[in-house]
Amino acid sequence: MDSSFHKRIEYYLEFARKHPHHFANNLGSVKIVFDPQKIYAAEQASLLRNQALGLPLEGSHVGIISEDPWVTVIRDAVEFSDGDIRLHTRTMNRNNEGVAVLPIFENKIILIRHFRHALRKSILEIPRGAIDDMATIEQTARQELLEEIGGVAGELVPLGFIYGTTNLFANGSYLFFTKLTSLGSPQLDEGVEAIERYSVKEFESLLLASEIQETHTISAFCQARLRGLV
């Protein structure tokens, strides 16, 4: 264990102390390992596997892998119920949880055609975004509608909370339903290419045809449908 290892693990452990919710070991059968000796041993075992696959050394490093204004990438050493310790990578949204809103305008479901860089294609989805530190959940929901579709929300009806890619992403989103009092233009500078309107029947047909694939959109619609809102 050299000085770079100790520096990396010290920063990781300090990050864990600042974000205890994401490093809790009081629940579940998979425990995060904080002992530097055990972390080092897990790194060495991972290194052998990665070398056999032709992968770089850095892929076996526990710690804070990357930080930017939006996302933190973390690699932990985790101990499973059989005692085996392996490395596991996950991401955290730096701006807390998110919100997603299913909007209705003039009796039509409003969807946006949004180009998503991760997918390298456009998909149909509802407006959504991360909650800023200085904003409430409802303020964020209203702001996302205003920014992405120029929409002014009426009453926001809570539809629950969901997690998305649970094997990788640590955060989730609050879902809402609203009837818009006005509708504007798409936020072109954020990849929102178009605003599209669908009846409930049309939405369900798109869903059955797998034309709607985004999880927040599907979850919000199902919650609203079960509540008799659409």
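Which element gives the largest share of the lining of the largest pocket? In this predicted model, the answer is helix H3, from which 6 residues of that lining come. The pocket has a volume of about 1,500 Å³, and of the 41 residues that line the pocket, those closest to its centre are Asn-93, Arg-116, Arg-128, Gly-129 and Ala-130. Helix H3, which covers residues 137–149, is one of several elements that each supply at least two residues of the lining, and among the others are strand E4 (85–93), strand E7 (121–125) and strand E8 (128–130). Sorted by class, the lining holds 20 polar residues, 11 charged residues and 10 nonpolar residues.

The second largest pocket encloses about 780 Å³ of space, and 22 residues line this pocket, with His-22, Ala-24, Ile-32, Arg-90 and Thr-166 closest to the centre. Strand E3 (71–79) and strand E4 each give at least two residues to the lining of this second pocket, which is made up of 11 nonpolar, 9 polar and 2 charged residues.

From the pockets we can turn to the nonpolar cores. In soluble globular proteins, nonpolar side chains tend to be buried together. Here the largest nonpolar core has 19 residues, and those with the most contacts inside the core are Leu-102, Ile-109, Leu-111, Phe-177 and Val-230. Both strands and helices contribute, since the elements that give two or more residues to this core are strands E5 (98–105), E6 (108–116), E9 (152–163) and E10 (172–182), together with helices H4 (200–208) and H5 (215–226). A second core, separate from the largest one, has 18 residues, including Tyr-12, Phe-15, Ile-64 and Ala-77. To look more closely at one member of the largest core, we can set aside the neighbours of Ile-109 within four places in sequence, and we then find this residue in contact with Leu-102, Pro-103, Ile-104, Glu-196, Arg-197, Tyr-198, Val-200, Phe-203 and Phe-221.

Charged side chains also pair with one another, and the structure holds 11 salt bridges. In one of them the side chains of Arg-8 and Glu-43 meet, with a distance of 2.6 Å from N to O. This pair links distant parts of the chain, because Arg-8 belongs to helix H1 (residues 3–18) and Glu-43 to helix H2 (residues 36–52), 35 residues apart. Glu-43 is buried, with a relative accessible area of 4%.

Another salt bridge joins Asp-76 and Arg-90, whose closest N and O atoms are 2.5 Å apart. Asp-76 lies in strand E3 and Arg-90 in strand E4, so this salt bridge ties together parts of the chain that are 14 residues apart in sequence. Both partners are buried, as Asp-76 has a relative accessible area of 2% and Arg-90 has one of 14%. Arg-90 is also one of the residues closest to the centre of the second largest pocket.

A further salt bridge is formed by Arg-113 and Glu-196, with 2.6 Å between the closest N and O atoms. Arg-113 is in strand E6 and Glu-196 in strand E11 (residues 192–198), and this pair links distant parts of the chain that are 83 residues apart. Arg-113 is partly exposed, with a relative accessible area of 28%, whereas Glu-196 is buried at 17%. Finally, salt bridges that share partners join Arg-116, Glu-125, Arg-128 and Glu-214 into one network, and two of these residues, Arg-116 and Arg-128, are among those closest to the centre of the largest pocket.

Technical notes. Residues numbered from 1 in each chain as written. Predicted model: local features only at pLDDT ≥ 70, side-chain atom pairs only at ≥ 80, totals over all residues. Heavy atoms only, no water. Core = buried A, V, L, I, M, F, W, Y, C linked by side-chain atoms within 4.5 Å. Buried < 20%, exposed > 50% of the residue type's maximum accessible area, 1.4 Å probe, protein only. Helix = DSSP H or I, 4+ residues; strand = E, 2+ residues; numbered from the N terminus. Contact = heavy atoms within 4.5 Å. 1 Å grid on protein atoms, 1.4 Å probe; cavity = no way out; pocket = protein on both sides within 12 Å on 5 of 7 lines; lining within 4 Å. Points joined across faces, edges and corners; volume = space filled by probe spheres on them. Nonpolar A, V, L, I, M, F, W, Y, C, P; charged D, E, K, R; others polar. Salt bridge = Lys/Arg side-chain N within 4 Å of Asp/Glu carboxyl O.
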